[in-house]
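Please load the model in your viewer and keep the sequence panel open beside it. The tour below proceeds by selection, each stop saying what to pick next and what is found there.

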Amino acid sequence: MEKKKILKGKRKRKHPQLEAEAESHPHHNQQPKSKPLGVSSKSVTTTNPYSSHIAPTPQQCLSLRDSLLALHGFPPEFAKYRKPQHDTNTNHHHPALQPETVLDGLVRTVLSQNTTESNSQKAFDSLKSSFPTWELVLGAESKELENAIRCGGLAPTKASCIKNMLRCLLEKRGKLCLEYLRDLSIDEVKAELSLFKGIGPKTVACVLMFNLQLDDFPVDTHVFEIAKTIGWVPASADRNKTYLHLNERIPNELKFDLNCLMYTHGKLCRRCTSKKGNKQREKCDDNNSCPILNYCKEPF
Ligand SMILES: [Zn+2]
């Protein structure tokens, strides 16, 4: 498509959900600069390339989950996406915790690519207030649509991705609704969503985990960096291979919490992974509070 150049600009973190499909988290983000949004380049491998790589063991996964949970608590912004069985009491009647529709979640993930969480949220809110229904979005002029989501960046690319997806969905299903995906398996959902141009594997993984409460483990930049740092994948791993390996190794029941916690830790901690002097990275800057560093010192 026409987006190559678009991805070259700055990228920032954003909502742990999307990214340029080649990269980050869903409600996450980041990666190769020259790929169209959400489109995987060549044929993507689907079997684990590191089947002989032992880490992470279930015990390592549990241990990291517990350490990160003790440090950060469960990140509140992800609470509403947790499986119902996770929330012991409350929640069910709270209107704010009504599940987001799958279509809203997919569009939110698209809008979260290559921008900050805050700008992506603003873009989504602006879209919904400008066009209260998906039918109106589909019928809108491209320019109007771009204007509504401009604050989230990559407006022409994202607007065209959203419109194409809606058009294709309407043709296929007769209505603008993705709730039917709730009854499908992970592989079936992947097959359905991969038919939409511009919707890449990372976006799909985010929708699987956040909106469909299926046991999938999206790999955004933060998750990717931490996984390499602690040796859960070889240092030469790329994001797709990391996705395949971690999805096979991490116990299903730990995927959601561990993913949200690794994302949150990667975003906040400036000690264990990268170099970027991100302002947000302050919270765990005190002494020895980074469990990732401890793991590096004393490998499990
Ligand atoms: Zn850290």
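## Where H7 crosses H8

Begin by selecting H7 and H8, where H7 passes H8 in a right-handed crossing. In this predicted model, the two helices pack at an angle of about 135 degrees, with their axes 10 Å apart, and that angle makes H7 oblique to H8. Show the side chains at the crossing, and you will find Ile186, Val189, Lys190 and Leu193 of H7 meeting Val204, Val207 and Leu208 of H8. Colouring this contact by residue class gives 6 nonpolar residues, no polar ones and 1 charged one.

Stay on H7, which covers residues 186-193, and select Glu192 within it. Is Glu192 buried, exposed or partly exposed? It has 18 other C-beta atoms within 10 Å, and Glu192 is therefore partly exposed. Leaving aside residues up to four places away in sequence, Glu192 touches Leu181 and Leu184. A distance drawn from the C-alpha of Glu192 to that of Leu169 spans 9.9 Å, for a pair 23 residues apart in sequence.

## The whole chain and its core

Now zoom out and show the protein chain as a cartoon, which contains 12 helices and 0 strands. Of its 300 residues, 44% are buried.

Next, select Ile149, Val207, Leu208, Met209 and Ala227, which are the residues with the most contacts inside the largest nonpolar core, a set of 64 residues. The largest share of this core, 7 residues, is contributed by H8. In soluble globular proteins, nonpolar side chains tend to be buried together. Centre the view on Val207, which belongs to the H7 and H8 contact and also touches Val102, Gly105, Leu106, Thr109, Leu193 and Leu212, when residues up to four places away in sequence are not counted.

## H10 and its surroundings

Move on to H10, residues 239-249, in which 8 of the 11 residues are buried, so that this helix is largely enclosed by the rest of the structure. The buried positions to highlight are Arg239, Asn240, Thr242, Tyr243, Leu244, His245, Leu246 and Arg249. Which helices do the buried residues of H10 pack against? Add H8 (201-211) and H9 (221-229) to the selection, since these are the helices against which those buried residues pack.

## H1 against H11

Select residues 58-72 for H1 and residues 252-268 for H11, whose axes come within 9 Å and cross at roughly 50 degrees. This angle makes H1 oblique to H11, and H1 passes H11 in a left-handed crossing. On the H1 side, the contact is made by Cys61, Leu62, Leu64, Arg65, Leu68, Leu69 and His72, while H11 supplies Leu254, Asp257, Leu258, Leu261, Met262, Thr264 and His265. Sorted by class, the residues of this contact comprise 9 nonpolar, 3 polar and 2 charged.

From H1, step back to Pro56, which lies in the segment before that helix. The peptide bond joining Ala55 and Pro56 is cis, with omega about -10 degrees.

## Backbone details in the loops

Most residues other than glycine have a negative phi, and most peptide bonds are trans. With that in mind, select Asn114, in the loop between H2 (102-111) and H3 (117-130). Phi of Asn114 is near 50 degrees, a positive value in a residue other than glycine. Asn114 counts as buried because 30 C-beta neighbours lie inside 10 Å.

Then select Gln213, which sits in the loop between H8 and H9 and, although not a glycine, likewise has a positive phi, of about 50 degrees. Gln213 has 17 C-beta neighbours inside 10 Å and therefore counts as partly exposed.

The last selection is Glu179, in the loop between H6 (155-173) and H7. How many C-beta neighbours does Glu179 have inside 10 Å? There are 10, and Glu179 therefore counts as exposed. Add Thr101 and Val102 to the view, both of which Glu179 touches, again not counting residues up to four places away in sequence. Between the C-alpha atoms of Glu179 and Thr101 the separation is 6.9 Å, although these residues are 78 residues apart along the chain.

Note on methods: Residues numbered from 1 in each chain as written. Predicted model: local features only at pLDDT ≥ 70, side-chain atom pairs only at ≥ 80, totals over all residues. Helix = DSSP H or I, 4+ residues; strand = E, 2+ residues; numbered from the N terminus. Buried ≥ 20, exposed ≤ 12 C-beta atoms within 10 Å, placed from the backbone. Contact = placed C-beta atoms within 7 Å. Axes fitted to C-alpha atoms, helices over the stretch in contact; angles between N-to-C directions. Parallel < 35°, antiparallel > 145°, perpendicular 65-115°, else oblique. Left-handed = near helix turned anticlockwise from the far one by under 90°. Nonpolar A, V, L, I, M, F, W, Y, C, P; charged D, E, K, R; others polar. Core = buried A, V, L, I, M, F, W, Y, C linked by C-beta atoms within 7 Å.
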